[in-house]
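Work through the exercises below with the sequence and the three-dimensional view open side by side. Each task is followed by a solution that goes step by step.

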Amino acid sequence: DAMTKLVYATSTAADGNMSLKWGESKEVVKNRKKFLGKIGVSLEDCVTLSLMRSDGVKIVDGKNKGEMLEADALITTGKNVGLFMVTADCFPVIVYDPVGGVLALVHLGWQGVDKGLVAKVVRKMKGLGADELQVIIGPGIRKESYVFDVPLAQENDPKWQPFLEKLGNGRTAIDLVGFIKKQLVDCGVGEIEDCGIDTVKDLNYFSHYRAVRTGEPEGRFATVAMMK
């Protein structure tokens, strides 16, 4: 069977904070190991994304295991190479070709979406032989929650227009996931599975947006993906 098997998971608040920025490193490493252990992945086999909030893409393989790399997307053709990332409102997106055996984990906040990062990832994956891509969109901030009272840089950008909704009283809602889906469809990806979870409303997930407004402690949850 040439098909690779995808193993992936997203941690919840119950698994603890997964970010070194928001916790003691000993505690964070313990949390990461316990969470990964539940799906039979070891932390030593993971390449961790250190986020740039831009559109950097790194292609990794077995020799990068255990490293932390600065980028906003990791792509691998390697089996048993875990791709690991922490988020709180931005979208963790898995792009996968089971037949070609190419896997990517992409961090999509508004900066990455603005720069068309997911299309860049799809192009690079196709260059590595990916053909039939499937996408899984993880928990992130949904339009109902992503509301700003300040003028947005994107407000006068025509490509953002369909994904901004004026709510009155100078407030604007941003449909980030709608824009991500459009970018995927535009580059020929038809199979998109969206978990539908809103990190702001669902207390099982950490949310930066919510923490700023409620004063709750900050934390980050993890997403991991690996081809077995």
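**Exercise 1.** Decide whether Lys63 is buried or exposed in this predicted model, and find which residue its side chain meets in a salt bridge.

*Solution.* Begin with the accessibility of Lys63: its relative value is 65%, and since exposed means over 50%, Lys63 counts as exposed. Next look for the acidic partner, which is Asp61, with 3.3 Å from N to O in the salt bridge. Asp61, at 29% relative accessibility, counts as partly exposed, because that class lies between the limits of 20% and 50%.

**Exercise 2.** Identify the salt-bridge partner of Lys159, and state where the two residues lie along the chain.

*Solution.* The partner is Asp114, and the closest N and O atoms of the pair are 3.4 Å apart. The pair links distant parts of the chain, with Lys159 in the loop between β10 and β11 and Asp114 in helix α2 (residues 110–114), 45 residues apart. Both ends are partly exposed, Lys159 at 38% relative accessibility and Asp114 with a relative accessible area of 26%. Finally, widen the view to Asp157, which is linked with Asp114 and Lys159 in a network of salt bridges. Across the model, the count of salt bridges comes to 12.

**Exercise 3.** Explain what the salt bridge between Lys143 and Glu165 ties together, and then place strand β11 in its sheet.

*Solution.* The closest N and O atoms of Lys143 and Glu165 are 2.8 Å apart. Lys143 belongs to the loop between β9 (134–137) and β10, whereas Glu165 belongs to strand β11, so the salt bridge ties together parts that are 22 residues apart in sequence. Lys143 is partly exposed, with a relative accessible area of 27%, and Glu165 is likewise classed as partly exposed, at 35% relative accessibility.

Now turn to the sheet, which is open and consists of 3 strands in the order β10-β12-β11, with antiparallel pairing. Because β10 (147–148) and β11 (164–168) each have a single partner strand, they stand at the edges, and one side of each is left without a neighbour in the sheet. The partner of β11 is β12 (residues 171–174), and the two pair over 4 bridges in the antiparallel sense; to locate this pairing on screen, find Lys166, which stands opposite Thr172 in β12.

**Exercise 4.** Describe the makeup of the largest nonpolar core, and list the residues that Val93 contacts beyond its sequence neighbours.

*Solution.* The largest nonpolar core has 39 residues, and those with the most contacts inside it include Phe91, Val93, Val106 and Met125. At least two residues come from each of several elements, among them β7 (91–97), β8 (102–108) and α4 (176–186), while α3 gives the most, with 6 residues. For Val93, set aside neighbours within four places in sequence; the contacts are then Met85, Ala104, Leu105, Val106, Leu108, Val135, Ile136 and Ile137. A second, separate core of 17 residues includes Leu69, Tyr96, Ile136 and Met227.

**Exercise 5.** Find which residues form a nonpolar patch on the surface together with Met68.

*Solution.* First locate Met68 in strand β4 (residues 68–70), where Met68 counts as partly exposed at 48% relative accessibility. Then add Leu20 and Val29, which form the patch with Met68; together the three residues have about 240 Å² of accessible area.

Definitions and conventions
Residues numbered from 1 in each chain as written. Predicted model: local features only at pLDDT ≥ 70, side-chain atom pairs only at ≥ 80, totals over all residues. Heavy atoms only, no water. Pairing = 2+ DSSP bridges. Salt bridge = Lys/Arg side-chain N within 4 Å of Asp/Glu carboxyl O. Buried < 20%, exposed > 50% of the residue type's maximum accessible area, 1.4 Å probe, protein only. Patch = residues over 30% accessible without salt bridge, like charges linked within 9 Å, V, L, I, M, F, W, Y side chains within 5 Å. Areas by Shrake-Rupley, 256 points an atom, 1.4 Å probe, with all protein chains shown as cover. Core = buried A, V, L, I, M, F, W, Y, C linked by side-chain atoms within 4.5 Å. Contact = heavy atoms within 4.5 Å.
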